[in-house]
Amino acid sequence: MSIDGQYDPENIFAKILRGEMPCVKVYEDEQVLAFMDIFPQAPGHVLVVPREPARNLLELTDGALQGAMLRVKRIAQAVKKALNPDGIVMTQFSGAPAGQTVFHVHFHIIPRKEGEALGAHGGGQADMAELQVQAEKIAAAIEMP
Ligand code: AMP
């Protein structure tokens, strides 16, 4: 599958953005929705999803990208404050060969602890109650300008 293609409005994140599918919400405003990854690579793995319908970063308008990156930073700061990780990985996969599996642009925020291995991308499903607790902690620490 190529990096190019048609945006599919029935992709899972589009459904979550429209409220047709549930998510464990961390933050939302007019530009993004952030929620817990249900197959986390580490505890506290958050996805930041721009509302603009774009398959990947290259297709996102400059304005939507700027808005999204500011929110990625603020939410990563909240993850740091809430979960006290030793490091944070922030990733964005554009195109299936790059590792993208959901074709609505999104950013991963993955807290890392010294000595703990990163889980598989799209590995085991998390406990929903644990995700809820993490989401509430992170949400309480978010400071937007
Ligand atoms: P990517 O491979 O960058 O497209 O990432 C897609 C991410 O979405 C993966 O990390 C999945 O674990 C995650 N994911 C897939 N379905 C859901 C869902 N319904 N709710 C939350 N996260 C999801």
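Which residues is Ile110 in contact with, leaving aside its neighbours within four places in sequence? Point 1 takes this up, and the rest of the note works outwards through the sheet, the helix, the pocket and two loops. Keep in mind that this is a predicted model.

1. **Ile110 and its contacts.** Ile110 lies in strand β5. Leaving aside neighbours within four places in sequence, Ile110 is in contact with Gln41, Ala42, His45, Gly87, Ile88, Val89, Thr91 and Leu118. The relative accessibility of Ile110 is 1%, under the 20% limit, so Ile110 counts as buried. Gly124 makes a useful distance check. Ile110 and Gly124 are 14 residues apart in sequence, and their C-alpha atoms are 15 Å apart in space.

2. **The sheet as a whole.** Five strands form an open sheet. Read across the sheet, the order is β1-β2-β3-β5-β4, and the pairing is antiparallel. Note that β5 sits between β3 and β4 in this order. Strands β1 (25-28) and β4 (87-91) stand at the edges. Each has a single partner strand, so one side of each is left without a neighbour in the sheet. On average, neighbouring strands are turned by 15° against each other, direction ignored.

3. **The helix on the sheet.** Helix α2 covers residues 62-83 and packs on the sheet. Helix α2 touches β1, β2, β3, β4 and β5 (107-112). The direction of α2 makes about 20° with that of β5.

4. **From β1 to β2.** A hairpin of three residues joins β1 to β2. The two strands run antiparallel and are joined by three bridges. To find one of these on the screen, start at Glu28, whose bridge partner in β2 is Leu33.

5. **From β2 to β3.** Strand β2 spans residues 32-36, and strand β3 spans residues 46-50. They pair in the antiparallel sense over five bridges. Two pairs are worth locating. Val32 stands opposite Pro50 in β3, and Met36 stands opposite Val46 in β3. Follow these two pairs and the antiparallel sense of the pairing becomes easy to trace.

6. **From β3 to β5.** Strand β3 also pairs with β5, again in the antiparallel sense, over three bridges. Here Val48 of β3 stands opposite Phe107 in β5.

7. **How covered is β3?** In a regular strand, side chains alternate between the two faces of the sheet. In β3, both faces are covered. Val46, Val48 and Pro50 are buried on one side. Leu47 and Val49 are buried on the other. That makes five of its five residues buried.

8. **The largest pocket.** The volume of the largest pocket is about 410 Å³. There are 21 lining residues, and those closest to the centre are Phe13, Asp37, Ile38, Phe39 and Leu47. Leu47 has already appeared as a buried residue of β3. By type, the lining divides into 14 nonpolar residues, six polar and one charged. Helix α1 (12-17) and strand β2 each supply at least two residues of the lining. The largest share, three residues, comes from α1.

9. **Two residues of one loop.** Asn56 lies in the loop between β3 and α2, and Leu57 lies in that loop too. Are they buried or exposed? Asn56 has 2% relative accessibility, under the 20% limit, so Asn56 counts as buried. Leu57 has a relative accessible area of 28%, which lies between the 20% and 50% limits, so Leu57 is partly exposed.

10. **What these two touch.** Not counting residues up to four places away in sequence, Asn56 touches Ile3, Gln92, Ser94, Gln100 and Val105. On the same basis, Leu57 is in contact with Leu65, Gln92, Ser94, Val105 and Phe107. Lys15 is 42 residues from Leu57 along the chain, and their C-alpha atoms are separated by 19 Å.

11. **A backbone point to check.** Asn84 lies in the loop between α2 and β4. Asn84 has a positive phi of about 50°, although it is not a glycine. The relative accessible area of Asn84 is 56%, over the 50% limit, so Asn84 is exposed.

Note on methods
Residues numbered from 1 in each chain as written. Predicted model: local features only at pLDDT ≥ 70, side-chain atom pairs only at ≥ 80, totals over all residues. Heavy atoms only, no water. Pairing = 2+ DSSP bridges. Helix = DSSP H or I, 4+ residues; strand = E, 2+ residues; numbered from the N terminus. Axes fitted to C-alpha atoms, helices over the stretch in contact; angles between N-to-C directions. Contact = heavy atoms within 4.5 Å. 1 Å grid on protein atoms, 1.4 Å probe; cavity = no way out; pocket = protein on both sides within 12 Å on 5 of 7 lines; lining within 4 Å. Points joined across faces, edges and corners; volume = space filled by probe spheres on them. Nonpolar A, V, L, I, M, F, W, Y, C, P; charged D, E, K, R; others polar. Buried < 20%, exposed > 50% of the residue type's maximum accessible area, 1.4 Å probe, protein only.
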